[in-house]
Amino acid sequence: MAWTVEDAPWWTRAVVYQIYPRSFQDSDGDGVGDLRGVLSRLDHLEALGVDVVWLSPIYRSPQDDNGYDISDYQDVDPAFGTLADLDELIAALHARGMKLVMDLVVNHTSDEHPWFVESRSSVTSPKRDWYWWRGPRDGMAAGQPGAEPTNWHSFFSGSTWELDEASGEYYLHLFSRKQPDLNWENPEVRAAVHAMMRWWLDRGVDGFRMDVINVISKDTALPDGPVVAGVWGDGSPHYTDGPRVHEFLHEMHREVFEGRAHALLTVGETPGVTLEEALRYTDPARREVDMVFQFEHVGLDHGPGGKFDPKPLRLTDLKATFGRWQAGLADVGWNSLYWDNHDQPRVVSRFGDDGRYRTESAKALATLLHLHRGTPYVYQGEELGMTNAHFTRFDQYQDIESIRHVAQARTLASATDEQLLAGLAAMSRDNARTPVQWDDTPNAGFTTGRPWLAVNPNHVEVNAAAERADPQSVFHHYRRLIALRHEDPVVALGDFTMLLPDDEQVYAFTRSLDGDALLVVVNVSGQERAVDLAGAWPVAADGGWGDLVLGTHADPGEPAVLRPWEARVVRRPA
């Protein structure tokens, strides 16, 4: 069923802002962002107009994977502050009319979490079955090459199995060896997770972004996968959207979310999810999650060698992907809209032009995304047009995925150092993790100390102070996009129709609701382009398309001609 203006959930017209706390704002000079730093920048978020703040993990953690390896789900890591700081942040956001969504990382814990420490202590431990423990393959000795229980390849390279010398058994970790996977088949695990989630909601949190939530259910037979990397196989068919994942999420909804008085938001990160599965996750009648993150569009520029072998984006591929998801979730379910996050490079460098047309392309890509049907997510600094880091040396990178990619490539002699550096410069997760650029001072206003990751040198020109002072900046364009979603029901709920599906330079579509209609036309290139919409949209005698609602340029320009990286949103004349 399609929602109406009267019964649509609040999050259909909301915009979420993701904060990666380590890189947002440092309050104490230790070079690492923290909760008091977030508190000091709430005026910026309020001026932007966002409705929800999603906070990447701030729990206690050894920081093997920058907080996605949690050792205590119910405490704040001292690097970020205290529970009292978090309580103050929740109250301050609520006072400004904003909500707080926490990152929920429950596919795995840290190997330093007390649950795993106990699980590892003995093969007879009551918590042994809280994780995936297996002996070596039949007829093979533990530690022998190929003795791992399956041939599955880790997301962070190498095997998904780590040998515990003391017991002679292996534990499963889809990610880092310091991130052992929880066994969701065990009802005690699920009950402990539910209790933790309720504890946070009772504390005032307004929902969860659920990290890799569609891999929590594994095929208990743990079969091998086809070999894809040396001796390692692809196990994803046996854990992506696994056999009991929908059962687990429905149970979570029943045990944690139902009956809550305050309005919540739940979004699942679901790598590899199909449209058919996304319909099941987000169908309100099934009571699982409100929306999911899909990853098709951020895989379109992956080359034959994978993520770190990028190829140019074909605009028609983007249209095909976005168009299919818009159509597929038009009547049931809901889309999440995003370009950037802590795992993706900066969109203005990736799909735009971070040189001559940085401002124009950042605004054009924002317009393209935010006018789709779904809930937009803005990653910190995206609203400033922040670019990739442009690092030139291996020692500048700190991301575990990037470091392990280089080590594996060197072991296999699969790429030169020049090729590796080019791949990292384009796609490393560190591109999104350089500190937010607040002003043009030496550390961009992020810290008075030495930043944990180098500040982008272009902060002298690209920073929040300069953006907020310029009415035609990327920041103020994001403000206008967010306000338009709040104010205009057709943006939140209107039908979507793709135009010019075969055009490799212009991205155009319409949104319509109850007789009202908007046209969105975006020139996704650095060349001027005349656009012919005859037959697809009413065109005036002078070639104009209607009343300009929002544009990327200060002046309206010529009718039916788009300047490089220009976007226009127009309303059909009455």
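Strand S16 (residues 336-337) runs alongside strand S17 in the parallel sense, with 2 bridges between them. In this predicted model, serine 336 sits opposite threonine 375 of S17. S17 has another parallel neighbour in strand S1 (residues 16-19), this time over 3 bridges. There, valine 16 stands across from tyrosine 377 of S17.

**A strand with no open face**

How many of the residues of S17 (residues 375-379) are buried? The count is 5 of the 5, so the strand is largely enclosed by the rest of the structure. If you look at S17 face by face, Thr375, Tyr377 and Tyr379 are buried on one side. Pro376 and Val378 are buried on the other, so to speak of its two faces is to speak of two covered ones, because every residue of the strand counts as buried.

Tyrosine 379 belongs to this strand. Is tyrosine 379 buried or exposed? With a relative accessible area of 0%, the residue is buried, because the cut-off for that label is under 20%. Leaving aside residues up to four places away in sequence, tyrosine 379 touches Gln18, Tyr20, Asp340, Asn341, His342, Arg346, Ala432 and Arg433. For a sense of distance, take glycine 551, which is 172 residues from tyrosine 379 along the chain. The C-alpha atoms of the two are separated by 22 Å.

**Spaces inside**

Now for the empty spots. Searching the whole structure turns up 6 cavities of 30 Å³ or more. Here are two of those cavities next to a pocket:

| Space | Volume | Nonpolar lining residues | Polar lining residues | Charged lining residues |
|---|---|---|---|---|
| Largest cavity | about 80 Å³ | 5 nonpolar | 6 polar | no charged |
| Second largest cavity | about 50 Å³ | 5 nonpolar | 1 polar | 3 charged |
| Second largest pocket | about 430 Å³ | 10 nonpolar | 5 polar | 6 charged |

Which residues line the largest cavity? They are Gln294, His297, Phe322, Trp325, Gln326, Asn335, Ser336, Leu337, Tyr338, Leu369 and His372. Two elements, H8 and S16, each give two or more residues to that lining. Helix H8 gives the most, with 3 residues. Ser336 of this lining is the residue that stands opposite threonine 375 in S17.

The second largest cavity is lined by Asp340, Arg346, Val347, Val348, Ala362, Glu382, Gly385, Met386 and Tyr478. Asp340 and Arg346 turn up in the contacts of tyrosine 379 too.

As for the second largest pocket, 21 residues line that space. Closest to its centre are Trp11, His253, Phe257, Leu264 and Asp290. Helix H6 (245-257) and strand S12 (265-269) are the elements that give two or more residues to its lining.

**Two open sheets**

Elsewhere there is an open sheet of 5 strands with antiparallel pairing, in the order S18-S19-S20-S24-S22. Why do strand S18 (495-499) and strand S22 (547-551) each have one side without a neighbour in the sheet? They stand at the edges and have a single partner strand each, so one side is left free of a neighbour in the sheet. From one strand to the next, the twist averages 20°.

Helix H8 (residues 315-328), which we met at the largest cavity, packs on this sheet, where the helix touches S18 and S19. The direction of H8 makes about 15° with that of S19. Within the sheet, strand S19 (residues 506-513) and strand S20 (residues 516-523) are joined by 8 bridges in the antiparallel sense. One of the facing pairs is valine 506 with asparagine 523 in S20.

The other open sheet has 3 strands, ordered S6-S8-S7, and its pairing is antiparallel. Strand S6 (133-134) and strand S7 (161-164) are at the edges with a single partner strand each, so each has one side without a neighbour in the sheet. S6 pairs with strand S8 (residues 169-172) over 2 bridges. If you want to find that pairing on screen, look for tryptophan 133, whose bridge partner in S8 is tyrosine 171.

Methods:
Residues numbered from 1 in each chain as written. Predicted model: local features only at pLDDT ≥ 70, side-chain atom pairs only at ≥ 80, totals over all residues. Heavy atoms only, no water. 1 Å grid on protein atoms, 1.4 Å probe; cavity = no way out; pocket = protein on both sides within 12 Å on 5 of 7 lines; lining within 4 Å. Points joined across faces, edges and corners; volume = space filled by probe spheres on them. Helix = DSSP H or I, 4+ residues; strand = E, 2+ residues; numbered from the N terminus. Nonpolar A, V, L, I, M, F, W, Y, C, P; charged D, E, K, R; others polar. Buried < 20%, exposed > 50% of the residue type's maximum accessible area, 1.4 Å probe, protein only. Pairing = 2+ DSSP bridges. Axes fitted to C-alpha atoms, helices over the stretch in contact; angles between N-to-C directions. Contact = heavy atoms within 4.5 Å.
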